[in-house]
Amino acid sequence: MSPASERILLVDSYDSFTFNLASLCRRAAPACQIHIIKNDQLTLPELLPFLRCFSAIIVGPGPGSPDVSKDIGIVKHLWKLDDCHLLPIFGVCLGLQSLATEHGVSVSRLPVVKHGQVSIVEHTGTDIFKDVGMVEAVRYHSLHAELKGDEGLEVLAWASDDAGHDKTVMALKHINRPFWAVQYHPESVLTQGGGIEVMLNFWRLARLWNATRGRRIHPWNNMGNLGTPWPNPYPPLASIHTTFPRAVLTSAFHLPSIGAVGICELLGVKDESSPFVMLESLSQPARYSIIGCLDSASARIRYSIGDTFLQFQMGDSFSQIQLGSHDIWSWTSAFMNEHKACSGTSNIPFWGGLIGYLSYEIGVESLGVPSTAPPADKRHPDMNLVFVERSIVLDNETDTVYLQSIIDGDEEWLIETAGRLKLTEDTSSYSYNIAPSSTKVRSTTSTVILPDKDVYVSRINIAKEHLYAGDSYELCLTANTRVVLDDPLTSKPSRTYSSSWERYKHLRELNPAPHSGYLRLHPTTILASSPERFLSFSRPPRSTYQLRPIKGTVRKGPGITRAVAEQVLRGSVKEVAENLMIVDLIRHDLHNVVGEDVEVKQFCTVEEYKTVWQLVSVIEGQAADGTDELDSRRANGALGWEVLRRSLPPGSMTGAPKKRSVEILQTLEDSERNVYSGVFGYWCVGGGGDWSVTIRSCFKHDDRYNCQPSSKGTPSTSSSTDPDAHVEEWVVGAGGAITALSDPQAEWEEMTIKLQSVLRVFGAAIPRGN
Ligand SMILES: C=C(O[C@@H]1C=C(C(=O)O)C=C[C@H]1O)C(=O)O
Ligand SMILES: NC(=O)CC[C@H](N)C(=O)O
């Protein structure tokens, strides 16, 4: 059998490191096809006929326990295969624990759990450790195998650095069946010496076992579908049209003093009843501000989870489009395929395209976790986008304004808008560079409903119980704070005063953040000042996909210099472990779509923000040659959209493994997260995109703009209730990663520090003692 036709089966127990393992496997056996299945996808009788086509099986890690059927699925049966189906198997973590359990070994809790921590692993230098030197390995486990010695298993490696423990088993083999397993994570980015080296040895041993046994591996003739071989970058599209790009009309000129705020005000941001979008960067990399020039013809796309349709609005025309064989993601991709554009200014990140937000729950829906959120007819949009055809991008470094339109023959708009901007600049009749004291948020009475500290702390303790039990390695627990404003003047929508805009201007001064933005997409308005990029993708060809997870937070204050922050964050086992777990999770998310080419460009760097120091890592990937070349049948940047689809909700906001962690968090949080913890940003018609994590931000839903089709087919912008009774309610979410090492009081404080960065905009503070 030539290596080219060999196949490896990877069984995924719903872990968030599986695609890292697939990538390691590919490095060890480059010509092999890797098929990935979930551990509950097939029954054993359904799987058996396929096994003769595989050279080996890898059993991945996962949440839970090897003796819980729902956690381990089909895996437990694999160690009992009869001789005619037998094949080499390599287990990782939960995989090792299953091998042990099925041979009568007791698997119990570790005295001190190891999540994202590195241990020195000593080994026998035999079998999968042949010619392997020093091993430093990352561990993600709460459980461990305790052998008595008569189970038919042999210990190949162990760790001696566990408190209250002599030697913790780190690798096993079966004495006469072709089974090997490791307790640590060979695929983790920080594992050294025992990663690819051990995988190469397993592959050598597996092939040797197959050869000496004379095991014939059957070709994959008409075997049907058993987990599409990895990687599988594109989803099947219901319809793929060939479309030709439109040209981007651009006019650029120098405009030194008007600034992004001035441009927004000139474009009518103060008319609260109209949609408005603006994305800007207010601290490093602080270069571009992107402003949508919307009008009543701008297309709006809204979708709520659970719906079989989306709402499409263009001016007065309002329709419900049935998704049919599409889901909202493939529909949006098909829409962007119809609206491709080319020949804009190459260094300008946005030429036109979709701007808006995606909720946390839309990611939960993609994970296949049933929602606990209100039903579709009671929801606000989970995907809320506007298609921007005319835009202004301000390059804050050179004070150049780029006017852009993707509407054919729109030169007149460019000339007219340039004239308006220049006139405003010349007459300087209004200072747009507003000083902090000049923001005009009217003072209002606000009621702040904070999360209850005792309840939050008790939930931290429950979260820790889940971590000790092995159900999760890290849980990002959050809570909502509500701010209810009593401002009689905002009870009626105004065309000349927008309190949300005034508030945003205040926020951008108080908390200038690299991922800021004002999104008024009725019924929802978001004021964003996020430090965290979720995903950016550069324009094809050869797009780079970049994710920048943050984990590790320290409040800025007297004496907290960079050196101190470095010590507190980079010098802390807990903080680095927290960050590492998300780095490994994000690598997995990216490997899922782009395949092998994923690199950690920056690991645990301390970055400075207005009110906090943060520990930030950067992961980048590129698709295999040709996958994201400009393709006339697909939207520009379709692969970036696919990375987004498969990677939400952001791992830094869930913890790992993502699916199980999300399920646990649903039991620990009172309400849906909604806009908080989702993403906001853009997808450019030229193929680039940039989506930030919606944190350190606030949002409100205003049901006077409920945007449902009225009986006449136009959106309703009036409430059925008395408009004077309107109460303005903002939601601010905040939270933090809980690990087994978390101190509940410190976690509560960390959450309140994050909350405070936004609460100040309402003139509210968290009372002392809280
Ligand atoms: C949960 C929040 O932040 C997340 C949690 C962080 C942490 O645990 O250190 C850091 C950044 C975010 O990924 C928030 O801001 O509300
Ligand atoms: N990474 C894993 O596979 C973890 C296995 C198991 N859930 C534990 O915590 O020990």
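**Two ligand sites and a helix pair**

The residues of the shell around ligand 2 comprise seven nonpolar, seven polar and no charged residues, where Ala, Val, Leu, Ile, Met, Phe, Trp, Tyr, Cys and Pro count as nonpolar, Asp, Glu, Lys and Arg as charged, and the others, Gly among them, as polar. The model is predicted, so that local features need pLDDT of at least 70 and side-chain atom pairs count only at pLDDT 80 or more, whereas totals for chains, interfaces and linings use all residues. Residues are numbered from 1 along each chain as its sequence is written, chains are lettered from A and ligands numbered from 1 in the order in which they are written, and side-chain values use heavy atoms, with hydrogens and water left out.

Around ligand 2 there are 14 residues, of which G62, G64, C93, Y140 and L143 come nearest; a residue is counted here if one of its heavy atoms lies within 4 Å of the ligand. Polar contacts, taken as pairs of N or O atoms within 3.5 Å, involve both backbone and side-chain atoms at this site. A backbone N or O atom of L94 lies 2.9 Å from an oxygen atom of ligand 2, and a polar backbone atom of L143 is likewise found 2.9 Å from an oxygen atom of this ligand, while an N or O atom in the side chain of Q97 is 3.0 Å from a ligand oxygen atom. Of the 300 Å² of accessible area that ligand 2 has on its own, the protein covers 100%, the areas being computed by the Shrake-Rupley method with a 1.4 Å probe. Two or more residues of the shell are given by each of α5 (94-102) and β6 (135-146), and β6 gives the most, with four residues; helices (H or I, at least four residues) and strands (E, at least two) are DSSP runs numbered from the N terminus.

For ligand 1, the surrounding residues number 18, with E532, K551, T553, Y676 and R696 coming nearest. An oxygen atom of ligand 1 is 2.6 Å from an N or O atom in the side chain of R696 and one is 2.7 Å from such an atom in the side chain of T553, whereas a polar side-chain atom of K551 lies 3.2 Å from a ligand oxygen atom. The protein covers 100% of the 390 Å² of accessible area that ligand 1 has on its own.

Elsewhere, the axes of helix α8 (residues 328-338) and helix α15 (residues 638-647) come within 10 Å and cross at roughly 160°, with axes fitted to C-alpha atoms over the stretch in contact and angles running from 0 to 180 degrees between N-to-C directions. The two helices α8 and α15 are therefore roughly antiparallel to each other, a term applied to angles over 145 degrees.

Terms used. Polar contact = N/O pair within 3.5 Å; in protein donor to acceptor, adjacent residues only side chain to side chain. Parallel < 35°, antiparallel > 145°, perpendicular 65-115°, else oblique.
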